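Visitor: Could you take me on a close look at a single part of this model? I would like one connected answer.

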Amino acid sequence: MKYVDEFREPEKAAALRREIEKLSYQLDKHIKIMEVCGGHTHSIFKYGIEEILPNNVELIHGPGCPVCVMPKGRLDDAIAISQNPNVILTTFGDTMRVPGSKHSLLQAKAQGADIRMVYSPLDSLQIAKNNPDKEIVFFALGFETTAPSAAFTILQAAEENILNFSMFSNHVLVIPALQALLDNPDLQLDGFVGPGHVSMVIGTDPYEFIAQKYHKPIVISGFEPLDILQSIWMLLQQLVENRCEVENQYNRLVQKAGNQVALKAMNQVFAVRETFEWRGLNEIPYSGLKIRPEYAQFDAESKFTLPNQKVADHKACQCGEILKGVLKPWQCKVFGTACTPETPIGTCMVSSEGACAAYYKYGRFSTVMQNQAVEKPKVTISS
């Protein structure tokens, strides 16, 4: 395949759907598959994939949205940094509207803080070069997908001796999160659609524990509708054949050993924290990245005094249960009423990869069908 349209052909989608239905009949039980990445969740709803699956195949939405798992306390820390005189705080656009304990970065900006949206940490480094009399802090977050670019930026800052640049690291790791989910007795899963972007960096080897220790199949998937359908088909094949393996559907981009250059940069700049708080998932051991002491001059946590307080989520928000896959977004009492993309209560409604945002944007019809508990309609993939 050369063009994106080839990954969206209705005829091929229909053929895959028929094969999935045959396998589901052979299994003759309810199957729960978790798509880990929020990018997959949005593709599933955008292209109507959930509606064309057999009734006994259920997709569970996982915690693979870095903005969604950001705890309120870390947002408050970032806002506290921005309120220091002479500081310019930069971050990705998705982060701007995430609610902290009192307000968001966007609201802090409206109140006078110099907070700017950037597309990459290198943009922040350029701002530091252009403003030598200011302290530039990049609010860094994301899984292994974005951590390499953050590492390379710090290495470049060190090489060029740009000492008015620092980074507030909130990078998290996908493997400890998956292990925490698998250890959760409330969540019974039959397999995983693995994250494609993260796997481009870390490869497929780190997922072997899922098959070997927990006896669950996982298929690393691309993000187009045919990618996801093929991955579901591959998972069901494993279940029918009583296999538990790590398979790679996204082999056009994901290699077994990952991206060694990116991994080397990450390991050079970052160390694993003993524990890190995830919004809705509490503390997960060895799940976050901090900047190594050798690069302390670029570590905002060393440069600034932070509140460093844990803050409970809004009582009405059930993002934690949604991130764990225990609840669907429409089961939250404030979904689509008090909590909307314009007035978000929880992070799952803010991010472009959040499950609630996906349901709200694409899943109105699906939501009605789920609430009425009627049979899924048979529809075709749309582009």
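Visitor: In which loop does N242 lie?

Guide: Happy to show you! This is a predicted model, in which local features need pLDDT of at least 70, side-chain atom pairs count only at pLDDT 80 or more, and totals for chains, interfaces and linings use all residues. Residues are numbered from 1 along each chain as its sequence is written, and side-chain values use heavy atoms, with hydrogens and water left out.

You will find N242 in the loop between α11 (225-240) and β9 (246-248). The names follow DSSP runs, numbered from the N terminus: helices are H or I runs of at least four residues, and strands are E runs of at least two. The phi of N242 is near 60 degrees, a positive value in a residue other than glycine. For context, most residues other than glycine have a negative phi. N242 is also exposed, with a relative accessible area of 72%; here exposed means over 50% relative accessible area, buried under 20%, and partly exposed in between, using a 1.4 Å probe and protein chains only.

For company, look at N308, which lies in the loop between α13 (300-303) and α14 (319-323). Its phi is near 50 degrees, again a positive value in a residue other than glycine. N308 counts as exposed too, at 60% relative accessibility.
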